[in-house]
Amino acid sequence: MTVGSASEALVPALQLQGVGRRFGALQALRDVTMAVAPGERRAILGPNGAGKTTLFNVVAGDFPPTSGTIHLYGTEVTHLQPHLRTRLGLTRTYQNSQLFMGLTVADSLYLAGRGVRGGRFSMLRPRAADPALVRGREIAETVHLGEVYDRSVGSLSHGQQRQLEVGMALAGNPRLLMLDEPAAGLSRGERTLLIDLLRSLPRDVTVILVEHDMDVALAAADRVTVMQEGAIVVEGSPDEIQANTTVQDIYLGHHVGTHHG
Ligand SMILES: Nc1ncnc2c1ncn2[C@@H]1O[C@H](COP(=O)(O)OP(=O)(O)OP(=O)(O)O)[C@@H](O)[C@H]1O
Ligand SMILES: [Mg+2]
């Protein structure tokens with residue numbers, strides 16, 4: 001068993017090799033090669049249209065890449081159905097909220113734990129000892145929603161709704177959690193709470209976070225991958241990314257510390 005677990009630790013949670021995706025004449029992803037280690041917190045940073053969501057879509061299996069290969073925990077999944085990737089431990093959130101405003105926090109977490117995406121919830125009457133209900137309660141505490149457990153989703157603040165989305169993703173017990181701009185539209189205070197939440201997630205969950213905001217990406221991640229026009233331009237630690245002049249050019253249009261006159 002020792003040999004098995006030692007070699008397993010070397011297998012990346014996610015590995016992309018030369019991944020490309022073309023939409024007609026548009027090359028939305030070009031030659032993307034990257035590996036994310038188990039337990040890592042990785043941020044994908046880049047301007048509008050850089051290909052961040054497209055990267056998530058090909059990893060989740062919403063559509064296949066037009067070139068290259070994708071491995072999840074050593075298993076090739078390049079052309080695998082999305083639900084089979086879910087079975088391998090992959091869960092992703094969407095850039096636009098997928099919440100049901102009329103449900104309570106409790107129902108949302110319970111249903112996500114049962115693998116139900118909206119719809120047939122009125123047929124399910126959980127009993128207090130139902131493990132999915134117990135787990136939902138635990139997750140509510142993990143994502144700091146214990147105090148609003150019985151409130152409707154529509155009555156939550158925007159920040160609490162984003163926390164709930166992370167919670168619902170966790171309810172499926174993912175090994176690899178991919179979050180598409182979870183901090184979008186949040187206030188500074190809500191952002192800080194969300195970063196703390198992401199940092200406090202159990203280390204057996206690997207997290208890949210798409211972010212638009214450099215501050216959130218640098219604060220939440222161990223390593224950062226910067227994309228532009230479909231390609232990876234830089235990858236490194238938050239410190240390396242912050243000091244990188246190419247990244248400064250992309251984000252600021254000029255080098256920090258360049259003074260005129
Ligand atoms: N299904 C699609 N069909 C055609 N073009 C697409 C499709 N999905 C994405 N694109 C194009 O691919 C490019 C990358 O888009 P993508 O959504 O991946 O960018 P992004 O980095 O997530 O941007 P944002 O920060 O705005 O979310 C864009 O030019 C976009 O218009
Ligand atoms: Mg996007």
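**Notebook: contacts, a helix pair and the ligand 1 shell**

I looked up the contacts first (two residues count when their C-beta atoms, placed from the backbone, lie within 7 Å), and of those in the protein with a separation of 6 or more, 63% join residues 24 or more positions apart. I note that this is a predicted model, in which local features need pLDDT of at least 70 and side-chain atom pairs count only at pLDDT 80 or more, while totals for chains, interfaces and linings use all residues. Residues are numbered from 1 along each chain as its sequence is written, and chains are lettered from A and ligands numbered from 1 in the order in which they are written.

I then turned to helices α4 (residues 105-113) and α6 (residues 158-171), which pack at about 30 degrees with their axes 7 Å apart; axes are lines fitted to C-alpha atoms over the stretch in contact, and angles run from 0 to 180 degrees between N-to-C directions. The two helices are therefore roughly parallel to each other (angles under 35 degrees). From α4, Val105, Ser108, Leu109, Ala112 and Gly113 meet Leu164, Gly167, Met168 and Ala171 of α6, and I find these residues to be 6 nonpolar, 3 polar and no charged (Ala, Val, Leu, Ile, Met, Phe, Trp, Tyr, Cys and Pro are nonpolar, Asp, Glu, Lys and Arg charged, and the others, Gly among them, polar).

Last, I checked ligand 1, which 13 residues surround, with Phe23, Ala28, Lys52, Thr53 and Thr54 the closest (C-beta atom, placed from the backbone, within 6 Å). The largest share of this shell, 3 residues, comes from α2, and by class the shell has 4 nonpolar, 8 polar and 1 charged residues.

Terms used. Helices (H or I, at least four residues) and strands (E, at least two) are DSSP runs, numbered from the N terminus. Angles under 35 degrees count as roughly parallel, over 145 as roughly antiparallel, 65 to 115 as roughly perpendicular and the rest as oblique.
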